[in-house]
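Hi everyone, thanks for making time this morning. I'd like to walk you through a structure that may be new to you, so let's put it up on the screen and take it piece by piece.

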Amino acid sequence: MKQLVNAFLAIMIAAFALMYLGSWMNKSEGYSGGNTLTIYNWGDYIDPELLTQFQKETGITVIYQTFDSNEAMLTKIEQGGTNFDVVVPSDYAIAKMKEENLLLPIDHSKLPNLSHIDSRFMNLSFDEGNKYSVPYFWGTVGIIYNPELTHGIKFDSWDDLWDSRLKNNIMLVDGAREIMGMALNSLHYSLNDRNEEHLQEALTKLNKLSPNVKAIVGDEIKMLLANEEAAVGVVWSGDASEIMDENDKLDYVVPKEGSNVWADNLVIPRTAANVEGAYKFIDFMLRPEVAAQNAEYVGYSTPNKDALALLPEDISGDERFYPPKELTDKLEVYDNLGKKMLAHYNELFLKFKMHND
Ligand code: N2P
């Protein structure tokens, strides 16, 4: 028994010593625990070198967490108990967060580098005057395909995906809005349609796609398509550009029935713990050299005009990933459908996913 008590005491002493050492080490960095910045971003959506550079320049320690859909991010922030300093939602998610009073207004005077953003990407309907959000990346949703494996199909229409020759050969991005939107667009409805009959029609049509669907996947979709695990994918434009960097046989199109044009922006949640740090980080990401390096690394399209000017012509001149305004004006932005309708879209997408299992 005595031995047991001694062992217990030894463990307690060791634990206290470790706790003391931990707090001493924090202090010895010269910053209190407050000098950290917590970022919540999509997976594969930043060049990690830039985080290192930011930490070196500012002495701020970055804590970095990722999500793979707006829905997952929204659920987490709506639940409360988080203290992210910078988050990267898409357009409709920003509208929803504004409505729910989850965001801090942005003081433009603290962001001198905001002047580098192309006016085309400022003042968009989800956040007029950019009161709460700062452009980060933008793009479309479309079809990536391998011409050698797809029987000469052009993929200029969403309906091409239902071609029976593509059996078990398509991968879909795991996003409720993206896949419901694709089905609605294929039926010539808006990707923001709220009509129950149209939504059920979209689900029925999606279920008919199941024989062709090999998998519904997150960020791994890039690796899988580059390795030719499937001949076709429905993906975000920037993922397509990354895949095509790995495997130049592939091509990317936005089908003629229309699709989604989206904008991901940096925001500061109301519960942020380090607002000054958040401004420093956002302004850092807006620097043309930083934004250009980031765009080259992640493969997505930058809204930063002075960064674009720094990119090689084969990137900035590629209209598949930098479509002109006349073209994107014909595409749709996701509306904030409201809590109930968004949940309904999620539920229909889940039904389709279960149909695929
Ligand atoms: C990056 C995801 C991009 C999100 N992995 C498109 N809104």
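Let's begin at the ligand, with Asp-219: one of its polar side-chain atoms lies 3.1 Å from a nitrogen atom of the ligand. Before I go on, please keep in mind that this is a predicted model.

Asp-264 also takes part, with a polar side-chain atom 2.8 Å from a nitrogen atom of the ligand. Gly-43 joins in through its backbone: a polar atom there is 2.7 Å from a ligand nitrogen. And how much of the ligand's accessible area does the protein cover? On its own the ligand has 270 Å² of accessible area, and the protein covers 99% of that.

Where does the ligand sit? You'll find it in the largest cavity. If you'd like to look around it, the surrounding residues are Trp-42, Gly-43, Tyr-45, Ser-90, Asp-219, Trp-236, Trp-262, Asp-264 and Tyr-300. By type, that shell splits into 5 nonpolar, 2 polar and 2 charged residues.

Now let's move over to helix 5, which runs over residues 176–186. Is this helix mostly buried or exposed? Of its 11 residues, 11 are buried, so the rest of the structure largely encloses helix 5. Among those buried residues are Arg-177, Glu-178 and Asn-185, along with Ile-179, Met-180 and Leu-184.

Ser-186 belongs to this helix too, and I'd like to stop there for a moment. Its relative accessible area is 3%, and because buried means under 20%, Ser-186 counts as buried. Which residue does its side chain contact? The partner is Lys-205: the two side chains are joined by a polar contact of 3.1 Å. Following helix 5 you come to His-188, which has a positive phi, near 65 degrees.

One last stop, and that's Lys-96. You'll find this lysine in helix 4, which covers residues 91–99. With a relative accessible area of 4%, Lys-96 falls under the 20% cut-off, so this residue is buried as well. If you want a sense of distance, try Lys-96 and Ser-157, which are 61 residues apart along the chain. Their C-alpha atoms are separated by 31 Å.

To recap the tour: we saw a ligand sitting in the largest cavity, a helix 5 that is largely enclosed by the rest of the structure, and a buried Lys-96 in helix 4. Thanks for listening, and I'm happy to turn the view around for anyone who'd like another look.

Key: Residues are numbered from 1 along each chain as its sequence is written. This is a predicted model: local features need pLDDT of at least 70, side-chain atom pairs count only at pLDDT 80 or more; totals for chains, interfaces and linings use all residues. Side-chain values use heavy atoms; hydrogens and water are left out. A residue is near a molecule or strand if one of its heavy atoms lies within 4 Å of it. A polar contact is a pair of N or O atoms within 3.5 Å; within protein, one must be able to donate a hydrogen and the other to accept it, and residues adjacent in sequence count only if both atoms are side-chain atoms. Accessible areas come from the Shrake-Rupley method with a 1.4 Å probe; for residues, only the protein chains shown count as cover. On a 1 Å grid over the protein atoms alone, a cavity is a set of points where a 1.4 Å probe fits but cannot get out, and a pocket is an open set with protein on both sides within 12 Å along at least five of seven lines; lining residues have an atom within 4 Å of a point. A molecule sits in a cavity or pocket if more than half of its atoms lie within 2 Å of its grid points. Ala, Val, Leu, Ile, Met, Phe, Trp, Tyr, Cys and Pro count as nonpolar, Asp, Glu, Lys and Arg as charged, and the others, Gly among them, as polar. Helices (H or I, at least four residues) and strands (E, at least two) are DSSP runs, numbered from the N terminus. Buried means under 20% relative accessible area, exposed over 50%, partly exposed in between (1.4 Å probe, protein chains only).
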